[in-house]
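Please look over the structure shown below before reading on, since the paragraphs that follow move through it step by step.

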Amino acid sequence: MSGITDSPATAAAPRTRPRLPPQVTRLGIGVLQILGGLAAWEALVRWLEVDPRIVPSPIEVLETLWALFLEGGLVEATGITLLETLGGFVIGSVTGIALAVLLSECAPLRVLLRPYIVALQAVPKVAVAPLFLIWFGFGIESKVALVISIMFFPVLVNTLAGLDSAPEEQLELMRALRATRWQTLRRVKAYVALPYVFASFEVCLVLSLTAAVVAEMLGSGTTVGLGTLINIYGSRMHSAGVFAVLVVLSLLGVAMHALVVWSGRRCLFWLPRQG
Amino acid sequence: MSAAAQVEAAPEGEVRVSGLAKRFTGRDGTETLALSGIDFTIPPGQFVSILGPSGCGKSTLLRVVAGLTPASTGGAWIDARRVAGPDPMVGIAFQRPVLLPWMTVRQNIALPAELEGRWSAAEIAARVDALLAMIRLPEAGGRMPNELSGGMQQRVAIARALLKDPGVLLMDEPFGALDALTREHLNDELLAIWERNRPTVLFVTHDIAEAVYLSDRVLVMGVKPGRIIADIAIPLARPRSEATRGEPAFARIGAELRAMIPH
């Protein structure tokens, strides 16, 4: 940049405009991007005279979203889907990490379980959803079960790879300092594995939201989640309703992803920042 | 009385290696004799360097004394205790600093005591402060290892090795990766630290000048199999300084050693 814009305010020539802080600029660009996309959507729908039952205009979607929000059903459904996703996420991660630690510390168990893990991992989890419905009913439990099954293997496999990747020199240091197995696990291996664990979270969180929605769409008698709403509006040819739910799902996914990335940065404080 | 302050049976710090041989079995089943017929005794408080070309097994020898690698025949003894695993009264510094990147400098230095679990927080804090001053990094306690230069990291690693005030200090080419100037500087610091309590030091290096400058005695190793081919006393006066490097005796001993080392 030239020296003029960087000079102190008192010395600045009147023709130089005050500069906005970069965060404001970035936020402004983001808002413009979204508004531009919505405007193009609205223009296309009007110009091509698309049937609103097939593709509604963004204004219709927003109106529907607002109406559903006021009615209260959407908030409740969002809460239920969020509960299923986060519940499954937490349970799936904790059990996946726990089994990874167990397998990394106990080589015979690892050899024993490997074929089962490989076989189960290869099964498309969505295909198991009907079984979960039979076993756990049409309530929240069957959805949480599907989310757990989606989370479990990637977290297990990634954590195991992370625990295995502890540098030999660090393990040797711990041996030289007569560290117990538990101390080596807690003070070295856990930290080495943590970036791997967060990488699996980043991938799986959006998948787990998908799993919750799919499970709801496959069968939900007693509880109404966002997937159930999509089914209801879909069967009524209410495209604007489906779009409204999709907007909520997209916002949920983005928010959860941001949360994982943010907490990853907090937890992995010793790693050099990327990007 | 606190655990750390207790004097445990007055460790002398004598290191003895007797009849030591080490064989490695390769993947195809062939055996390699890495070390053979190694015998030496280091009296307490002596600074001894093991000097040899790369691949002579000097690091393996150090690892056997450290209890990190088992001997094939014979073995190592520390104050009449046979080495069967890492000894609590032995400090070790590796070729690389091996600082844990998620811990501060202070936490890294304190690690041996934290693992032992017999020290109070106040005892650890006081000891770490003293060591930080000793390695001339009094302000660095709160910094992370990756913020330090290679030389600073190695100083922190040496402080960690000294934390429990070990009777024996094992060092595996700790300055090998540093530039010549930093290395000479750290040689002086190491000697200054060593003069305080005079632990027994077994120092592996392939640098002749470093071995002469630091040591009371140099064990020269030959290759195939790794064995000790000469045991040379270094009669240079202590404390040593920059002037020592200029003494005729320094150059003469260096030349003698160079003539012995196989190529």
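**Two helices in contact**

In this predicted model, a good place to begin is chain A, where Ala212(A), Val213(A), Val214(A), Glu216(A) and Met217(A) of H9(A) meet Leu226(A), Gly227(A), Thr228(A), Ile230(A) and Asn231(A) of H10(A). Sorted by class, the residues in this contact of H9(A) with H10(A) are six nonpolar, three polar and one charged.

Two packed helices are described by the angle between their axes and the distance between the axes. Here helix H9 of chain A, made of residues 181-218, and helix H10 of chain A, made of residues 226-235, pack at an angle of about 50°, and their axes are 7 Å apart. Because of that angle, H9(A) counts as oblique to H10(A). The crossing in which H9(A) passes H10(A) is right-handed.

Turning to chain A as a whole, the domain assignment divides the chain into domain 1, covering 16-49, and domain 2, covering 58-267. The centres of domain 1 of chain A and domain 2 of chain A, taken over C-alpha atoms, are separated by 33 Å.

The last part of the picture is the contact between the chains, to which chain B gives 15 residues and chain A gives 13 residues. On the side of chain B that touches chain A, the largest share, three residues, comes from helix H2 of chain B, which spans residues 105-116. By class, the residues on that side of chain B comprise 14 nonpolar, no polar and one charged.

Definitions and conventions. Residues numbered from 1 in each chain as written. Chains lettered and ligands numbered in written order. Predicted model: local features only at pLDDT ≥ 70, side-chain atom pairs only at ≥ 80, totals over all residues. Axes fitted to C-alpha atoms, helices over the stretch in contact; angles between N-to-C directions. Helix = DSSP H or I, 4+ residues; strand = E, 2+ residues; numbered from the N terminus. Parallel < 35°, antiparallel > 145°, perpendicular 65-115°, else oblique. Left-handed = near helix turned anticlockwise from the far one by under 90°. Contact = placed C-beta atoms within 7 Å. Nonpolar A, V, L, I, M, F, W, Y, C, P; charged D, E, K, R; others polar. Domains from an automatic or database assignment.
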